[in-house]
Each structure stands twice: as C-alpha cells, then as structure tokens.
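Open the model in your viewer and keep the sequence panel visible. The stops below say what to select and what is there.

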Amino acid sequence: MRPRAHRPLPGPLSAVAATLTRVKSSLSAAEARRIALAAQGFGRPRPVAPGTRQLNLALARMATLQIDSVNVFARSHYMPLFSRLGPYDTTALDRLLFARRPAYVEYLAHVAAFIPAADWSLFAFRMDDMRAKYGAAGDGWYARNRSIVDWVRSELADRGPLRPAQIEHDAKKAARGPWWDWDVVKQALEHLWMFGDVAIAGRRGFERRYGLAEHVIAPEVLQTRIDRGDAVRELVRRASVAYGVATASDLADYWRLRDRPAVMTAVAELTDAGELQPVRVEGWMQAGRPAAAWVHRDAALPRRIDAAALLTPFDPVVWFRDRAERLFDFSYRIEIYTPPPKRRFGYYSLPVLVDDELVGRVDLKADRAAGTLLVQSAWWEQGKTGDAAGRVADELRAAARWQGLESISVSRWGDAVDDLAAALPGAARHDARAAAQAPVAVTAAGAPATVEG
C-alpha cells in the first residue's frame with residue numbers, strides 16, 4: 001500500500017511575492033537560505049494568538065518534532081513552535097501530544113520525536129530493523145530477559161497504559177543492568193517500544209506512559225502495511241518538502257535513514273516523477289566539486305525573509321550540523337557535554353535567526369524562583385554587528401513573557417552582551433560565567449538515539 005499523497009499547505013508563504021523555484025536551475029546562497037526558511041514556516045507573519053490550528057500547521061511543515069529532556073530554559077519540543085509562532089499556550093500543545101487518543105505519538109523518527117499517529121505504520125520498516133538488531137540476537141539482553149519482557153507485556157495488556165514506576169515486579173529491586181543504567185522493567189518497555197509492540201500513551205510531567213500499540217494507535221493505522229521502498233520514498237519526499245532545497249545527505253538525515261542506496265533510489269524516483277528538480281547552489285561543494293542538490297517543486301522563493309527567532313539546538317533548521325554550516329556558514333556544537341573550562345559559548349547556547357541569517361547565539365536559563373530570564377552569554381557571529389540587537393532583545397522579551405518570567409538579566413560574558421543590555425533598558429547585569437559552566441542534570445553523554453534526550 002502506498003502512503004497517501006501529500007497535500008500542499010494552504011496560504012501564501014510570505015507577504016511578498018514568491019517565485020516558483022522550478023524555473024531556476026541554480027540558486028545563490030541567499031536564495032537557498034530563503035527557500036529553506038520559508039519551507040520551515042519562517043516566511044509567514046506570526047499569528048496574534050496562536051491556537052490549535054496554527055500548532056497543527058507548524059507541526060505539519062516540520063513533519064516531526066524532536067524530544068530532548070534538557071530543561072534549563074524550556075523543553076526542546078516546545079521551542080520550535082515558539083520560534084515560528086511566538087508566545088503560545090504550551091498546554092494547547094500538551095493536549096495535542098498527550099491526549100488519551102493522541103493525534104501525535106512518539107517514535108524514532110529523526111531520533112526520539114513526535115510524529116502524527118497516522119504515520120505509525122510509515123516506520124514499520126524501522127521497527128522491523130530494531131527487532132532484527134536487538135530482538136533476534138540469542139545472547140542479547142532481550143533474549144536473556146524474555147520472561148521479564150513477557151511479564152511486562154502482560155501487565156500492559158491487563159492494566160492498560162502505565163508509567164514504569166507503576167509496574168511492580170521483583171526485578172525492579174534487582175541490581176540495575178548495563179543498558180544505560182536503567183532498571184530491567186524500563187529496558188523491557190524500551191525494547192517493546194523500539195519494536196512497535198508498545199506505543200507512548202502520553203506523559204505525566206516528563207515521564208512516559210507506555211501502552212500496547214493496539215491500545216494507543218487506531219486499528220486502521222496498525223493494519224496498514226507499507227512496503228519498505230514506498231516508506232523510504234515517502235519519507236524522502238516529506239524531507240524535501242520540509243527542507244525546500246537539500247542534498248541527499250540532508251534528506252537522509254531528516255529521518256536518520258542509513259540506507260544510502262535506498263535514499264538515492266527514492267531521489268531518482270521523485271525526480272522522474274517531477275517532484276524534485278536538480279539544482280546547483282552557490283557554495284555547496286563536496287570533494288571539491290559542486291554538491292548534488294534538489295529543490296522540491298512546491299518550494300517557494302520569497303524575495304525576503306522577515307523573521308527573528310531563538311532556535312533550539314534540535315530545530316530542523318540546525319539539527320543537521322553539516323547543513324547548518326553549508327546554509328548559514330554557522331559552525332555549531334552544543335556544549336552540554338563539554339567540560340566547563342573548555343566551553344566557548346556556554347552550556348546550552350541557542351542559535352539566533354534574524355531575517356535569513358544566523359547572526360549569533362545566546363545561552364539562556366530560566367531562574368523560576370527569581371522570575372528572571374538569565375542571558376548567561378551572548379555572541380555575534382563573525383562579521384555580524386550589533387545592528388540586530390534590538391530585534392534579538394524583542395525575542396528575549398517574548399521568551400521571558402512566554403515562560404512567565406518578569407525580568408531579564410544579562411551577563412557580562414560574550415561579545416554581544418553589552419549590545420543586548422543596551423537594547424534592554426532596565427535589564428539587570430550579572431556575572432554568569434562560573435554559574436553558566438556549572439553542570440546541570442541531563443541525559444548521560446553518549447546515550448543512543450533510542451533514548452529520549
């Protein structure tokens with residue numbers, strides 16, 4: 001069965017006229033940036049009062065929403081919607097993501113991420129691969145602990161969706177195993193989730209509730225079978241829509257597709273069908289030659305992008321670091337796992353978008369006890385100036401308001417902090433370098449993609 005056809009999103013991509021990219025065989029670097037940002041929703045004016053409809057449309061443009069547990073400012077899955085829509089009610093997003101029969105569920109899409117519940121079967125090939133990798137090995141954890149796995153499955157069948165803490169078993173009192181130091185019940189649940197036998201039935205706080213897939217996913221979705229080749233082609237197509245213009249590596253990374261021949265087959269089929277058009281992009285090179293790239297036929301090229309946004313490190317605009325460097329000349333690594341003395345920009349710096357450029361990065365922390373947004377560090381990109389300070393300051397005010405924080409304090413660490421402080425009359429100043437480099441509890445470094453961040 002082939003996946004359903006994509007329906008283009010309604011409405012103009014920009015207040016200014018857009019030129020269809022299919023008439024162009026080559027793009028300047030600036031044109032490629034504008035196409036990419038428009039495809040991600042940054043060419044649209046922010047709504048005055050974003051609601052459920054706007055959230056759904058933004059989610060549809062991104063196609064997936066990555067999850068990460070770092071909460072020094074705001075949980076990462078909340079951030080892309082704020083970046084595109086401005087301050088919104090996060091409880092409205094929670095209702096979409098964590099309803100009893102949710103419109104969205106979690107799976108290993110990019111990594112651990114939200115996807116439309118209707119797309120569950122689109123990842124059946126990945127579930128099969130996970131089962132073959134982790135479930136078939138005779139000496140693997142799954143085989144060695146099959147009795148516990150079967151017991152956990154029966155608990156979910158009898159009691160419905162549960163949090164790990166609700167599942168009582170003597171095994172929970174045993175010594176923790178080697179699998180990322182999780183107890184055996186949690187490991188059983190994670191294996192079953194990877195295999196598609198279990199789905200996430202919402203969260204309490206940030207703790208997952210696990211349920212049998214048939215208790216969470218609609219029967220008609222579970223019964224849908226999609227051929228591996230069709231699934232890969234559909235995922236590549238969706239990535240091309242979400243990116244606008246992309247290399248094959250970009251398209252593969254959107255869904256972490258490791259089968260490069262399958263990706264190239266999908267690109268060829270989509271090109272033959274007229275959905276993708278080969279294009280040359282100024283400055284995009286590979287092994288000393290122009291990199292092969294493609295633009296989606298529905299992509300639009302706005303004359304300009306009028307936007308300002310703070311981006312999470314896990315936003316599709318920057319989550320593939322090679323693409324961020326190619327598109328924006330922006331070399332980016334988060335430093336949460338870097339030893340404090342070696343951090344250059346701060347613990348959790350956020351890229352700053354102004355119009356069609358990444359102009360800097362700011363390290364933010366929400367001091368909820370004091371009701372203050374702390375700008376722990378701020379930096380301009382090389383060649384950028386303080387001209388953007390006023391627009392970045394507006395985003396910081398919006399971020400504070402969104403998080404319910406009453407004031408802003410700007411540190412003295414970074415070449416952009418004085419510009420931002422000047423654009424934020426009344427903002428306090430503080431010395432944050434030591435505090436910004438203090439460790440904050442996060443997921444263990446090196447945890448694999450199967451673990452939520």
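Begin by selecting Lys365, which stands opposite Leu374 in strand E17. Strands pair here if DSSP finds at least two bridges between them. Strands (E, at least two residues) and helices (H or I, at least four) are DSSP runs, numbered from the N terminus.

Before moving on, note that this is a predicted model in which local features need pLDDT of at least 70 and side-chain atom pairs count only at pLDDT 80 or more, while totals for chains, interfaces and linings use all residues. Residues are numbered from 1 along each chain as its sequence is written, and side-chain values use heavy atoms, with hydrogens and water left out.

**Stop 1: E16 and its two partners**

Select residues 357–367, strand E16, together with residues 372–380, strand E17. The two strands run antiparallel and are joined by 8 bridges. Besides Lys365, pick Val362: its bridge partner in E17 is Ala378. A hairpin with 4 residues between the strands connects E16 and E17, and in its turn Gly371 has a positive phi of about 65°.

Now add residues 349–354, strand E15, which runs antiparallel to E16 and is joined to it by 6 bridges. Leu353 is the residue to pick here, as it stands opposite Leu358 in E16. E15 and E16 also form a hairpin, with 2 residues between them; Asp355 in that turn has a positive phi of about 55°.

Is E16 largely enclosed or not? Of its 11 residues, 8 are buried, so E16 is largely enclosed by the rest of the structure. Buried means under 20% relative accessible area, with exposed over 50% and partly exposed in between (1.4 Å probe, protein chains only).

**Stop 2: the whole sheet**

Extend the selection to the open sheet of 6 strands, whose order is E14-E15-E16-E17-E18-E19 with mixed pairing. Strand E14 (308–310) and strand E19 (428–430) are at the edges with a single partner strand each, so one side of each has no neighbour in the sheet. From one strand to the next, the twist averages 30°; axes are lines fitted to C-alpha atoms, for helices over the stretch in contact, and angles run from 0 to 180 degrees between N-to-C directions. When looking at side chains, keep in mind that in a regular strand they alternate between the two faces of the sheet.

**Stop 3: the E4–E5 hairpin**

Go to residues 104–108, strand E4; 5 of its 5 residues are buried, so E4 is largely enclosed by the rest of the structure. Add strand E5 (residues 112–116), which pairs with E4 in the antiparallel sense over 5 bridges. The hairpin joining E4 to E5 runs through 3 residues. Val105 stands opposite Ile115 in E5.

**Stop 4: aromatic rings**

Show the rings of Phe, Tyr and Trp (its six-membered ring); they pair if their centres lie within 6.5 Å, and planes under 30 degrees apart count as stacked, over 60 as edge-to-face and the rest as tilted. A search of the whole structure finds 16 aromatic pairs. One of them is Phe82 with Trp402, which is stacked at 4.4 Å centre to centre with 5° between the planes. This pair links distant parts of the chain, 320 residues apart: Phe82 is in helix H3 (residues 79–85) and Trp402 in helix H15 (residues 389–402). Phe82 and Trp402 are both buried.

Next pick Tyr107 and Phe123, whose ring centres are 6.3 Å apart with planes at 55°, so the pair is tilted. Tyr107 belongs to strand E4, whereas Phe123 is in the loop between E5 and helix H5 (124–135), 16 residues apart. Both residues, Tyr107 and Phe123, are buried. They are also in one aromatic cluster with Trp120, Trp193, Tyr243, Tyr254, Trp255 and Trp319.

**Stop 5: two arginines at one ring**

What sits over the ring of Phe206? Select Arg75, whose charged end sits over that ring at 4.0 Å from its centre. Arg203 lies over the face of Phe206 as well, at 4.2 Å from the ring centre. A charge counts as over a ring if NZ of Lys or CZ of Arg is within 6 Å of the ring centre and within 35 degrees of the ring normal.

**Stop 6: helix H1**

Select residues 29–39, helix H1, which is mostly covered, with 9 of its 11 residues buried. Among the buried residues are Glu31, Arg33 and Arg34. After H1 comes Gly41, with a positive phi near 95°.

**Zooming out**

Clear the selection and view the chain, which has 17 helices and 19 strands. Of its 453 residues, 57% are buried.
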